[in-house]
Amino acid sequence: MAVFDTPQEAFRILRPVCVQLTKVQTTENVECLQAQLQTVSDSALQELQEYILFPLRFTLKTPGPKRERLVQSVVQCITSILSTTCVKKQDLLQELFSELCLCLSSPSGLQSPAPLSEELKLTVIQALQVLMHSAYGDIILTLYQPSTLPHLGFAVSLLLALAEQEKAKQIKLAALKCLQVLILQCDCQEHHRLLDTVETRQCGNLFASFLPGISTALSRVITGDIKQGHRVTVSAIRLFYQTVCLVMADEQLATITQDEEKPSVEQRVSELVVHRGPDWVKSTADKLSLLIHKIVEFTSLHPHWKVRMEFVELVHQFMLKCSQSLVESVGHLLKALVGLVNDESSEVQSKCHEILRSIAELRTVVENRALADILSENLLSLATALPRLMNSQDDQGKFSTLSLLLGSLKLLGPKVNIVLNSAAHLQRLSKALIQVLELDVADVKTVRERLWDSEDSLGEPSGSLQHGKGQKKYFRFFFDEQIFLLIQQICRVLGYYGNLYLLVDHFMGLYNESVVYRKQAAMVLNELITGAAGLGVDVLHKRETAVSTEDLKGTITSILEEYTDQANWYLTTSIDTEGTSDELTVKHSRVRAIPRGAHSSSLISSSSPSSDPSPTIRSMNSNIWQICIQLEGVGCFAYVLGKEFHLLLASVLYPVLEKAGDSSLLISQTATGTMVDICHACGYDSVQNLINANSDYLVNGISLNLRRVAHQPHASRVLEAMLRHSDASLLPLVEDVIRDVLSALDQFYDDRASSFLGVLSTLVAALVQWFIVGKGKEHPQEQNLEQQSSTSSQKQGEGSVIIPMVQEMEQFFLDYIKQSQIAEGNLPAMEEEEEEVQAPPAEPEMNDSGAEGETPLPAHAQIAKDVMERCIHLLSDKSLRVRLKVLDVLEFCVIVLHLHENHLLPMAHCVWPALVTRLINDDPLAVLRAFKVLCTLAEKCGDFLKRRFSKDILPKLAGSLVAQAPVSARAGPVYSHTLAFKLQLAVLQGLGLLCEKLDLGESDLNKVADACLIYLSAKQPVKLQEAARSVFLHLMCVDPDATWLFLNEICCPLPYEPPHPSLQPVKLGGMGRQRTEFTDNVLSLLGELQRQETATFQAGLQEAPEPQPPSLTEALG
Amino acid sequence: MALPPPDPQFVLRGTSAEVHTLHFYCGGQEPDYPILFSGSSNGLIHVWNLKTRRVDTILDGHGGKSVYWVEAINGRDRLLSQGSNQQICLWDLAEGRNTVTDSVFTENVGFCKSSLLKVAQGHWLMAMPGKDLDEPDFGSCPFLLAGYEDGSVILWNLSGGKILSRLGCHQEPVMSLDFDSEKKKGVSGSSEEVLTVWSLDEQQNLKVQKTHKLVNAGIADVAIRQDKKILATAGWDHRIRIFGWKKLKPLAILNYHTATVHCVSFSDHSRPSERLLAAGSKDHRISIWSIYNQTSGALHCSLETRKPD
């Protein structure tokens, strides 16, 4: 299609069509014109704009009813013209504007839109929009003169009516969009002329007249049916804030003076013009605040996130532009905004954050007293309502309530001190926090006892442990962890902005006021300090002056003093405190304030009457939690102070370690966590390092506390924890204090023995761990090897398979003599050698007080010896528990001392009588344990005990074994669970080794064999048979030949032919016997014996063909 | 007195030898921490930081022979120490140095301590024991009080080198003495079970004012607190005794050490509440006590003294 560039050509083409249209106004003609317009270039069209518009406008203006179809096509045509041209004359603009508006209005009432078809309405609205866009330059402003106010008003009301009343979404949207264009806030891509200040003010003045109408109508649209779709609501919201911001902008209002000259317009119009004076602003703001309130209520909970997003923008704009004029609504708006911070949509969330931050940066709140007042009022009403809301709301509701509180605090920033400086307000806020944080202490699990086995993991550096991961707490009023985090943030923000001294003082007051508040107050204090240090706190604007480290340190020191005060640190946490903390507890109940009726009922119901002499589970739980929270506090403080915490270690480490050894699982875990925190803060890479590096502080604490009777258990617990967590390098440091412990034990043998025994057993166990298992790892093995080789060299292979020759027999006798010589002459020499090997490497710190021994003992051995001395006395303690424990300790002592024989043997001599008593007449449990000790002792002391054993113990043991045998032979399966069985088993299992170690004489061995023989009976329980077999296996090692003979007396499987005719035939007791109850076991033993001997024999053969079959010796001997 | 005697505030360990002498230095400004010098029988001088309660420096200058007198001069930068190797050493401790800059040989082989008097800024007068002296102490400027092994205390006029007064107050050697120049009276302890208080009248005569009979014999050291309110004695019976200085009223017996207490010393901290008493003993420990210096309500005090802003 040809394009006509010049106006002349275009005119030629368009003229006939226009004339035709003027004459006959039909849809066809209009369409014809429109078709022709396509062929005309934009520039030509611009020239001919008015000419072409004339017939169209004429068509619209002709009086009388018109067909909608025609009007629509005409308007469409106008739209297409306007969209490519611009209107340069203001008359034309105004006329077109009013003509188009008229199209919409009904002829009857001007204010309401005509009942036209939806298509037409849409077309006209679009045409209006296009018209506004096509206005050239300043021309558009001519529409915004006071004189055109009626026209404008007419258009606004029409569009509002459409937006509000139409059903079609499209029309609504178009109307809103058009309105937006009309208030010069179009956000389309086209270039718009920016208004200068004066012009903006003029427009503001003008639209002030429409504000009531627009805002009311829009608020109706916004709060209308949700089914209208979110886009309508979104654009209505946008229009709302744009309008309000245009009219109520603080910037403009500030420049408006009282006596601004009235625009010179006719009377009727001037009535419409509004003067935006202070009074007007005030009343408008009041009305607007109602609307805003409604909108806030509706949109902040709108299901569609885009609506909420737009609402956030609304708040932003209002805060940005109208925070002074709309001051009364600001509270509402901020509240809603803060509430939306935790919106489910992440976009809304981040936008909220961003806006909050920008608001804070604007410092509107900080500098605006009125706003601060509103916020603090909000805060207070919230604080007042908080306990009630916590009771009634669900977790979601609580969450939003608390985030509201947090938001207000954050916005208030440093201004929060206004609230805090009022005693009543502070009281209200703190009580609210304390009530919310009330713990649920009914859980029985809290009092769970720690298992000592699980303790080993503590020594490992658990560097992965994160700070702030305290024990999971259970609260009365909520379950959600998120809520706790919110409260945590609230406290931290308070600490960040608030006056730290004031806050700490206040909460310390609450802490001391009543036991009911204590836990919560401590929790709050911990967080306050964290916040004050600016750690883990998320704030909107930085405070001006940070709290100095010195001040923090001072505050923390005083809080710690309070925490670790006797009355707050030593609480009853378990029933089984062995009566030691009784006197303490009684004291505490007096120290602690008993809650009075003044507190709210919920608190009373949960409070434990502290005057109650017997601690209930609940009060113990409460105490446990209190200690845990305080411990967590210590961790927090360490985190806050970092390296500076070093100085406080002197006073804090001891109490923490004390709790690490607590019998309650929860406390000991928390304390361990605290220690890890301290490690992190002070730059130690493990708990062990921490303890080692600060052992002087700990030792100081221990030795001081040992002096006080009531604290002795604690002190010994700390020492225990120290020993558990440390290594051998600790010993020189604690040596001093171990003496203190021993002397304290000497003073209180009767009543405190059991509490000290704990530490003693840990001590000797640690000594074994450090000095015997660790250092002496090689020695026992060497020893064993030597022993094995020595025993095996004594053993002779049984060579019944090989027929010995005369030569060999001769050789055998020679060897026999030689070996017996070796056995007599060379053995002591060998022992000496062994001694040398076993002598430990010279210890750097020798004990000066080694007067008793010829050679000074190394420190650890000296300690073990001292402990052992105490054990002798305690072995006859009244309490079985103590006796059992002592036996354990004794065993360890023996192990530690075994390298120092000349000290061990005298000690063994001293211990012996007491030990014998335990073995002979005591509770079976003690006998069992004592027997174990005996085995260890025998192993270490060797034949030193031989005579004593065979004299004092063996007869009894053998006797009891024999006596018990018929019982076990007859017993049923249940028997294996009885103590008697265990005792039998233990004795049988140990006896063999005892015989071997003590190197018992022949008669004793016979006694043992006799006693054990009964247990080889098939009637005995299998386990006892096994154990009895093991005894015989040991006997084989000691004296294989005697054993062989003994067994063969019972049962002899083989006939023995003399190897030489000159020898007498062999006759053995067991030969040719019938199969008996013993046969099976004896045979298996003999088989084992033979196998061993063969093995030794063959091994010997490879070295030198010396050994001879031993059976022969027996036969010959 | 219903209250039980207090425990030590803390105990310093690690000298690994008997502690023979103690000297506080608290004069430093706030960032400076109070320190305590201790001299022990293995010839080492330990410089304790009382804030961390740990040894800052160890000075070794007496060849393993026991040190029985230390005193700081010129702030904490200079230290005088006397050891049984018959040397008095002057240490330079400034800027972390620890060198002996000067030393004096003494003829005395006993246990007598020297004494120091500040005459003017930068001038000190030191009395060091000769062959037979036992325990010297300065009174007011030109006078010197000395305790002797024969149990007598003698007042010397230094300018003339004359004996002004002689008081035989003990049967046994005088172990220690201290003098209060305000009230013009002094106290001396000996190896017998008597503590003697004597006074100096206008005619410069020494007179026994009062004696206090002890249960166990042997006072190794006496010290009057700087505020002249209390007196501490170090007993051979392992105990530290506290007396009111005015009437020699027994106030407390501090029981901690497990061996003879060799020395006691009061700190001169500018804040009375932080004034401490230290005692060194044969059991290798130094106990630090906080007594009679009104410490109560620490938390509230510290909070109230700061102005809220």
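Is A:Arg870 buried, partly exposed or exposed in this predicted model? A:Arg870 is buried, at a relative accessible area of 14%, because buried denotes a value under 20%.

**View 1. Salt bridge between A:Arg870 and A:Glu869.** The side chains of A:Arg870 and A:Glu869 are joined in a salt bridge, with an N to O distance of 4.0 Å. A:Arg870 is the buried partner, with a relative accessible area of 14%. A:Glu869 is partly exposed, and its relative accessible area is 29%. Elsewhere, A:Arg57, A:Glu95 and A:Glu99 form one network through salt bridges that share partners.

**View 2. Salt bridge between A:Glu164 and A:Arg220.** In the contact between A:Glu164 and A:Arg220, the closest N and O atoms lie 2.4 Å apart. A:Glu164 belongs to helix H9 (residues 149-165) of chain A and A:Arg220 to helix H12 (residues 211-222) of chain A, so the salt bridge ties together parts that are 56 residues apart in sequence. Both side chains belong to partly exposed residues: the relative accessible area is 26% for A:Glu164 and 44% for A:Arg220. Over all chains, the structure holds 27 salt bridges.

**View 3. Salt bridge within helix H16 of chain A.** A:Lys282 and A:Asp286 meet through their side chains in a salt bridge, at 3.5 Å from N to O. Both residues are located in helix H16 (residues 278-299) of chain A, where a spacing of four residues corresponds to about one turn of the helix. A:Lys282 is partly exposed, with a relative accessible area of 46%. A:Asp286 also counts as partly exposed, at 30% relative accessibility.

**View 4. Helix H7 of chain A.** Helix H7 (residues 118-134) of chain A comprises 17 residues. The distance from its first C-alpha to its last is 24 Å, close to the 24 Å expected at 1.5 Å a residue. H7(A) is mostly covered, with 14 of its 17 residues buried.

**View 5. Secondary structure and surface of chain B.** Chain B contains one helix and 26 strands. Of the 309 residues in chain B, 53% are buried. Among contacts in chain B with a separation of 6 or more, 40% are between residues 24 or more positions apart. The exposed area of chain B is about 14,100 Å², of which carbon and sulfur atoms supply 50%.

Note on methods: Residues numbered from 1 in each chain as written. Chains lettered and ligands numbered in written order. Predicted model: local features only at pLDDT ≥ 70, side-chain atom pairs only at ≥ 80, totals over all residues. Heavy atoms only, no water. Helix = DSSP H or I, 4+ residues; strand = E, 2+ residues; numbered from the N terminus. Buried < 20%, exposed > 50% of the residue type's maximum accessible area, 1.4 Å probe, protein only. Expected span 1.5 Å × (residues − 1). Contact = heavy atoms within 4.5 Å. Areas by Shrake-Rupley, 256 points an atom, 1.4 Å probe, with all protein chains shown as cover.
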